[in-house]
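Reader: Please choose one small part of this model and examine it closely, then work outward from that part to the rest of the chain. I should like one connected account, with the cut-off for each term given where it first appears.

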Amino acid sequence: TEVANDTIGAEDAPVPCCMAATAECLACSNGVSIEEFCEGNPQEVGCDDDDDDDDDDDDDDDDDESSDDGRRKLQQFDGLESAVNNIVEGAQRIGQQAVDRTSEFLGNLGDRLNETAQTFVNRTEDFVGRANDTIQEGVERVNDFVSNTTERINNRTGGNDTEVANDTIPVPCCKALTAQCMACVEGVSEEAYCQDNPETVGCDDLEEEPASS
């Protein structure tokens, strides 16, 4: 026991290593330092931790570059926003111009429609006026005819309405082939008709009337 204790040094005592697949554990298992292990195995987890300090300065530069990129993107966004605003304003102007032109067109169309409607009204009034004049002339002509006819009748009859009716107003005649109907059609008395047409039916009755009386 004493020999063992004297011959086994502290450096030869086994060191317990962790079992994780990290640079620290694997370096321990291989009995080398982490730096030595990572030189031969830079892909292992934990080997890049040493590079973090070296990358701080680079990170600062990256931050500056990121800031510049951010400012450029903001400027680009501002330019895009301005362009969009210009497009919107242009569209609004074009829309307003279209509305104004449409309103003007409708206004002119309304004026022309009003003129057309007024012309139609004027022509209608002229037509109605001429029609009224024609009707009035017709009424006056009828009145003149009636007055002239009445005057002639009064001159011929001395105001006897019965004689006027029998003498001047046409009487509807029957259509039978008798003395009465034929005399009516001829506009003569039955006696006068029968003198010229004694063979007509009804003329014999006229000849027998005086004998019966």
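Author: Once neighbours within four places in sequence are set aside, Val188 is in contact (heavy atoms within 4.5 Å) with Ala183 and Tyr193. The model is predicted, with local features requiring pLDDT of at least 70 and side-chain atom pairs pLDDT 80 or more, whereas totals for chains, interfaces and linings use all residues. Residues are numbered from 1 along each chain as its sequence is written, and side-chain values rest on heavy atoms, without hydrogens or water.

Val188 belongs to the loop between helix 6 and helix 7 (190-196); helices (H or I, at least four residues) and strands (E, at least two) are DSSP runs numbered from the N terminus. Because its relative accessibility is 40%, Val188 counts as partly exposed. On this scale, buried means under 20% relative accessible area, exposed means over 50%, and partly exposed lies in between (1.4 Å probe, protein chains only). Gly187, just after helix 6, adopts a positive phi of about 75 degrees.

Ala183, one of the contacts of Val188, is among the buried residues of helix 6, together with Ala179 and Cys181. Cys184 also lies in helix 6, and its partner Cys173 is found in the loop between helix 5 (161-168) and helix 6 (179-186). These two cysteines form a disulfide (sulfur atoms within 2.5 Å), with an S to S separation of 1.8 Å. The torsion about the S-S bond is -75 degrees, and the link of Cys173 and Cys184 is left-handed. The pair therefore ties together parts that are 11 residues apart in sequence. Cys173 has a relative accessible area of 24% and is partly exposed; Cys184, with 29%, is partly exposed as well.

The link of Cys173 and Cys184 belongs to a set of six disulfides in the structure. Counting bonded cysteines along the chain, the pattern is 1-4, 2-3, 5-6, 7-10, 8-9, 11-12. Cys18 and Cys25 are joined with their sulfur atoms 1.7 Å apart, and the torsion of about -115 degrees about that S-S bond is why the disulfide is left-handed. The partners in this pair differ in exposure: Cys18 is partly exposed because its relative accessibility is 36%, whereas Cys25, at 4%, is buried.

Another disulfide joins Cys38 to Cys47, with an S to S distance of 2.2 Å. This link is also left-handed, with -85 degrees about the S-S bond, and both Cys38 and Cys47 are buried. Cys38 and Cys47 take part in the largest nonpolar core, whose five residues also include Ala23, Ala27 and Phe37. Helix 2 (23-30) and helix 3 (34-40) each contribute at least two residues to this core. A core of this kind consists of buried Ala, Val, Leu, Ile, Met, Phe, Trp, Tyr and Cys joined through side-chain atoms within 4.5 Å. Apart from residues up to four places away in sequence, Cys38 touches Ala23 as well as Cys47.

On the surface, Phe105, Leu106, Leu109 and Leu113 form a nonpolar patch with about 380 Å² of accessible area together (Shrake-Rupley method, 1.4 Å probe, with only the protein chains shown as cover for residues). Patch residues have over 30% relative accessible area and no salt bridge; like charges are joined within 9 Å, nonpolar side chains (Val, Leu, Ile, Met, Phe, Trp, Tyr) within 5 Å. A salt bridge places a side-chain nitrogen of Lys or Arg within 4 Å of a carboxyl oxygen of Asp or Glu. Phe105 is located in helix 4 (residues 51-157), and with 47% relative accessibility Phe105 counts as partly exposed.
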